[in-house]
Amino acid sequence: MCCVKRLLFLEKELILKISITRIDMGSQMARFIVGFGAGSTNVALEGEAVDGATGKRLMYFSESRYGYEYFGAQSSESLVDDDTKAIADNIVKILIDNK
């Protein structure tokens, strides 16, 4: 799945192209029974930020995140959602740090 988003960032038009390269829902039962990272979820994204005016690639990024709950109480959907939000937060931090 790919998403392209145009946005105004620090008075520059940026085009973000982001692809979800992996979603593994893991196993809530394995997280509950085994623990220690068994049954963890995994989300991976990759993408690039492109200058909207010139079309020049400003940066490429790739990130993967594993989610697990020690007692297996959190649903896989909730963990994947948390992982995806954490990756998005990291992308924003990278953009701000590399303005």
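# Exercises on a predicted model

The largest nonpolar core of the chain is made of 11 residues: Leu14, Leu16, Val43, Leu45, Ala49, Met59, Phe61, Val80, Ile87, Ile91 and Leu95. The structure is a predicted model, and the exercises below start from this core.

## Exercise 1: The core and the elements around it

Task: State which elements each supply at least two residues of the core, and which one gives the largest share.

Solution.

Step 1. List the elements of the chain. There are two helices and four strands. Read from the N terminus, their order is β-β-α-β-β-α.

Step 2. Assign the core residues. At least two of them come from each of E2, E3, strand E4 (57–67) and H2.

Step 3. Pick out the largest share. H2 provides it, with four residues.

Step 4. Look at one member of the core. Leu45 is in contact with Ile18, Ser19, Ile20, Thr21, Phe61, Ser62, Glu63 and Ile87, when neighbours within four places in sequence are left aside. Phe61 and Ile87, among these partners, are also listed in the core.

Step 5. Follow two of the partners of Leu45, Ser19 and Ser62. They are 43 residues apart along the chain, and their C-alpha atoms are separated by 9.4 Å. Ser19 is placed in strand E2 and counts as partly exposed, at 23% relative accessibility.

## Exercise 2: The salt bridges

Task: Find how many salt bridges the structure holds, and work out which residues are joined into one network.

Solution.

Step 1. Count them. The structure holds three salt bridges.

Step 2. Take the pair Glu48 and Lys17. Their closest N and O atoms are 3.8 Å apart, which falls inside the cut-off of within 4 Å for a salt bridge. Glu48 belongs to strand E3 (residues 41–51) and Lys17 to strand E2 (residues 12–24), so this salt bridge ties together parts that are 31 residues apart in sequence.

Step 3. Compare the exposure of the two partners. Glu48 has a relative accessible area of 16% and is buried. Lys17 has 34% and is partly exposed.

Step 4. Take the pair Glu48 and Arg57. Here the N to O distance is 2.7 Å.

Step 5. Take the pair Asp81 and Lys85. The closest N and O atoms of this salt bridge are 3.1 Å apart. Both residues sit in helix H2 (residues 76–97), four residues apart, so about one helical turn separates them. Asp81 is partly exposed at 36% relative accessibility, and Lys85 is partly exposed at 48%.

Step 6. Look for shared partners. Lys17, Glu48 and Arg57 are joined into one network by salt bridges that share partners.

## Exercise 3: Thr41 and Ser40

Task: Decide whether Thr41 and Ser40 are buried or exposed, and state what each one touches.

Solution.

Step 1. Locate Thr41. It lies in strand E3.

Step 2. Apply the cut-off. A residue is buried when its relative accessible area is under 20%. Thr41 has 0%, so Thr41 is buried.

Step 3. List the contacts of Thr41. Leaving out residues up to four places away in sequence, Thr41 touches Asp24, Met25, Gly26, Arg31, Arg65, Tyr66, Gly67, Ser76, Leu79, Val80 and Asp83. With Asp83 there is a polar contact between the two side chains, at 3.0 Å. Val80, another residue that Thr41 touches, is part of the largest nonpolar core.

Step 4. Repeat for Ser40. It is found in the loop between H1 and E3. With a relative accessible area of 17%, Ser40 is buried.

Step 5. List the contacts of Ser40. Ser40 touches Gly26, Arg31, Tyr66, Gly67 and Tyr68, again without residues up to four places away in sequence. The C-alpha atoms of Ser40 and Gly26 are separated by 5.0 Å, and the two residues are 14 apart along the chain.

## Exercise 4: The surface

Task: Describe the accessible surface of the chain and name the residues of a nonpolar patch on it.

Solution.

Step 1. Begin with the total. The accessible surface is about 6,600 Å², and 57% of it belongs to carbon and sulfur atoms.

Step 2. Set beside this the share of buried residues. Of the 99 residues, 31% count as buried.

Step 3. Name the patch. Met29, Phe32, Ile33 and Val34 make a nonpolar surface patch of about 460 Å².

Step 4. Place one of its residues. Val34 lies in the loop between helix H1 (28–33) and E3. With a relative accessible area of 48%, Val34 is partly exposed.

Terms used. Residues are numbered from 1 along each chain as its sequence is written. This is a predicted model: local features need pLDDT of at least 70, side-chain atom pairs count only at pLDDT 80 or more; totals for chains, interfaces and linings use all residues. Side-chain values use heavy atoms; hydrogens and water are left out. Buried means under 20% relative accessible area, exposed over 50%, partly exposed in between (1.4 Å probe, protein chains only). Accessible areas come from the Shrake-Rupley method with a 1.4 Å probe; for residues, only the protein chains shown count as cover. A salt bridge is a side-chain nitrogen of Lys or Arg within 4 Å of a carboxyl oxygen of Asp or Glu. A polar contact is a pair of N or O atoms within 3.5 Å; within protein, one must be able to donate a hydrogen and the other to accept it, and residues adjacent in sequence count only if both atoms are side-chain atoms. Contact means heavy atoms within 4.5 Å. Patches are made of residues with over 30% relative accessible area and no salt bridge: like charges are joined within 9 Å, nonpolar side chains (Val, Leu, Ile, Met, Phe, Trp, Tyr) within 5 Å. A nonpolar core is a set of buried Ala, Val, Leu, Ile, Met, Phe, Trp, Tyr and Cys residues joined through side-chain atoms within 4.5 Å.
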